[in-house]
Amino acid sequence: MIIDGKKTAAELREELKKKVAELKSTHNAVPGLTVILVGEDPASKIYVKNKEKFAKEVGLNSEVIRYPADLEEKVLLNKINELNKNDNVSGILVQLPLPKHIDKRKVIETIDHGKDVDGFHPMNVGNLSSGYDSSIPCTPLGCSILLKKAEKNLSGKHAVIIGRSNLNGKPMTQLLLKENCTVTITHSKTKDLKAECLRGDIIIAAVGIPKLVKGDWVKKGAIVIDVGINKTDTGIVGDVDFDQVSKVAKAITPVPGGVGPMTIACLLNNTIECFKRANS
Ligand code: NAP
């Protein structure tokens, strides 16, 4: 089974469109998403453009604020504080990476945690690990929706996560624990990655190394979710060798067309959830 992220994301956006229409009739207001882009990073510019396009598609109020790369940190922090106080703004996203002279941590912690649609604020990180309601980082949230397409009941499954970043590996761990999986989290110092992977009923690869996971690293019938987006001479590839692994796995996400499209759909979902929490 190839898990179709493009189709699943389109279905999710349709659901979100209906939710926004409902909120409009019950609250006489729609959720608002403000994205801040600092600098000219080409990949970030494409991501932000797509975020704006899909936010409009589902009916959110969408605003993009663009700043030059030499923006003073305090100007950015002041803008975030202003947006924190604006009731028309339900969600704030500062596109990463930021230029080196801007302190990423300070920026994340300045965003009101109730408007933190990325789920990076320490309050949301803590809430997620404590099992409380919180914004969940968009990519892991997308991964868990795709996983459920392949297997409804994940309880008791052994999940192996490759990568321990705050963006992917760590929040993914919390989501899988919530589903009663047994979770192994691996990283660059893991001794025998192949042996660890072979134990997985589920493998989540979030590493950034093209085609790292080979066919003989995967147990027959495993579900494989490939988070990687790696530019190579032959195009964009994931962290999983798709041709090899698709012959062994029960289900697998392709790259492109797997996790990628889900990330933006989950961002829109998080914006709506922030609006609902703020208005409940
Ligand atoms: P990251 O912050 O660079 O983290 C990479 C992780 O992989 C680290 O924990 C690192 O271990 C581990 N690692 C590196 N080499 C390894 C090896 N040889 N064996 C095992 N583990 C190894 O990356 P990230 O931000 O999580 O992103 C990972 C990938 O996902 C990238 O390709 C990125 O482009 C992609 N991505 C995709 C989406 C999407 O929407 N689909 C969103 C975000 C990111 P240490 O902790 O020990 O250094």
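**Backbone, cysteines and ligand**

Me: Is Asn 180 buried, exposed or partly exposed, and which word fits?
Reply: Asn 180 has 49% relative accessibility. This is a predicted model, where local features need pLDDT of at least 70, side-chain atom pairs count only at pLDDT 80 or more, and totals for chains, interfaces and linings use all residues. Residues are numbered from 1 along each chain as its sequence is written, and side-chain values use heavy atoms, leaving out hydrogens and water. Buried means under 20% relative accessible area, exposed over 50%, with the third class in between (1.4 Å probe, protein chains only), so the word for Asn 180 is partly exposed.

Me: What is the phi of Asn 180?
Reply: Asn 180 sits in the loop between α7 (169-178) and β5 (182-186); helices are DSSP runs of H or I with at least four residues, strands runs of E with at least two, numbered from the N terminus. Although Asn 180 is not a glycine, its phi is positive, near 65 degrees.

Me: Where does Asn 28, with its positive phi, lie?
Reply: Asn 28 is not a glycine either, yet has a phi of about 55 degrees. It counts as exposed, at 72% relative accessibility. Its place is the loop between α1 (5-27) and β1 (32-38).

Me: Where is Pro 256, which follows a cis peptide bond?
Reply: The bond from Val 255 to Pro 256 is cis, with omega near 0 degrees. Pro 256 belongs to the loop between β10 (251-252) and α10 (259-278).

Me: Why is Cys 274 in no bond with its closest cysteine sulfur, and how far away is that sulfur?
Reply: A disulfide is a pair of cysteine sulfur atoms within 2.5 Å, and the structure holds zero of them. Cys 274 is buried, with a relative accessible area of 1%. The closest cysteine sulfur, in Cys 138, is too far for a bond, because the distance is 9.6 Å.

Me: Which residue has a polar side-chain atom 2.6 Å from an oxygen atom of the ligand?
Reply: The ligand is surrounded by 21 residues (a heavy atom within 4 Å), and α10 gives the most to this shell, with three. Polar contacts are pairs of N or O atoms within 3.5 Å; one joins a ligand nitrogen to a polar backbone atom of Val 227 at 3.3 Å. Another links a ligand oxygen to the side chain of Asn 230 at 3.4 Å. The residue at 2.6 Å is Ser 188.

Notes. Polar contact = N/O pair within 3.5 Å; in protein donor to acceptor, adjacent residues only side chain to side chain.
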